[in-house]
Amino acid sequence: MDHRTPRTSELLAAVLAAQEEDQVAIGDLVNALRNRAFGILFLIFGIPNCIPMPPGIPVVCGTILGLIGLQMALGRQELWLPQYIARRTFSRSMLESIVNRSRPWIERFEKISRPRYEQFAGPTARRVVGATVVLLGFILLLPIPFLGNLPPGFAVCIFGLGLVERDGLVILAGFAATLLGLLITALMTWAIWQGAIAIF
């Protein structure tokens, strides 16, 4: 069986369709995704940082992404969440917004994605990706204004797509996006610091 069946966009749509309640528990999402939980959850909790969302969402997403990334870095095959996070819920309408707004872009990506450069999608690479996502999750916790959440969120999404599609080239692109995101974050932090010095 092709590991890409269903594709990422199809799996996201299936996850949305399976949620019939007004509130979606994070633990239920993890159980539904099973062995593809890491990559898909990187997408689900990375995308809100790339589109307009209510305040406070980046902090929640950063915390969850950091926990997921840590377990991947430790080589876990199945995702575990503490009960206080697994029981946390968010509205189905938010999940629907995430899926519907990202699906056209993901479908375009799927047309060019394929399994390749497997050395960058294997167990060792996954550990490095996990450690990188821990760093990106921490950055999402920082109160950086303007585009502060976009660079790390975008990098996490690229990693998620690469993991689900087992596309090593996309995973490499995720590392490139991470470096660019760190540079942007550092420049914005420096600009804020310089502005504060000038004021005081």
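**Exercise 1. Surroundings of helix H9**

In this predicted model, find which helices are included in what covers the buried residues of H9, and list those buried residues.

Solution.
1. Helix H6 (92-110), helix H7 (123-141) and helix H8 (150-165) are included in the cover over the buried residues of H9.
2. The residues to be covered are Gly168, Val170, Ile171, Gly174, Ala177, Thr178, Gly181, Thr185 and Met188, the buried residues of H9.

**Exercise 2. Span of helix H9**

Determine how the end-to-end reach of H9 stands against the span expected at 1.5 Å a residue.

Solution.
1. H9 runs over residues 168-199, which gives 32 residues.
2. The expected span is 1.5 Å times one less than the number of residues, and for H9 this comes to 46 Å.
3. From first C-alpha to last, the model gives 47 Å, close to the expected figure.

**Exercise 3. Aspartate 167**

Identify the contacts of the aspartate 167 side chain at the start of H9 and in a salt bridge.

Solution.
1. At the start of H9, a side-chain oxygen of aspartate 167 comes to within 3.1 Å of the backbone nitrogen of leucine 169.
2. Aspartate 167 also forms a salt bridge with arginine 116, with 2.9 Å between the closest N and O atoms.
3. This pair links distant parts of the chain: aspartate 167 sits in the loop between H8 and H9, arginine 116 in the loop between H6 and H7, and 51 residues separate them.
4. Aspartate 167 and arginine 116 are both buried, that is, under 20% relative accessible area.

**Exercise 4. Salt bridges within helix H6**

The structure holds three salt bridges. For the pairs arginine 92 with glutamate 96 and arginine 103 with glutamate 107, give the N to O distance, the placement in the helix and the exposure.

Solution.
1. The side chains of arginine 92 and glutamate 96 meet at 3.8 Å, N to O, which satisfies the 4 Å cut-off for a salt bridge.
2. Arginine 92 and glutamate 96 are about one helical turn apart because four residues separate them in helix H6.
3. Arginine 92 has 22% relative accessibility and so counts as partly exposed; glutamate 96, at 33%, is also partly exposed.
4. For glutamate 107 and arginine 103, the closest N and O atoms of the salt bridge are 3.1 Å apart.
5. Glutamate 107 and arginine 103 both belong to helix H6, with a spacing of four residues, or about one turn.
6. Glutamate 107 is partly exposed with a relative accessible area of 32%, and arginine 103 is partly exposed with 30%.

Technical notes:
Residues numbered from 1 in each chain as written. Predicted model: local features only at pLDDT ≥ 70, side-chain atom pairs only at ≥ 80, totals over all residues. Heavy atoms only, no water. Helix = DSSP H or I, 4+ residues; strand = E, 2+ residues; numbered from the N terminus. Buried < 20%, exposed > 50% of the residue type's maximum accessible area, 1.4 Å probe, protein only. Contact = heavy atoms within 4.5 Å. Polar contact = N/O pair within 3.5 Å; in protein donor to acceptor, adjacent residues only side chain to side chain.
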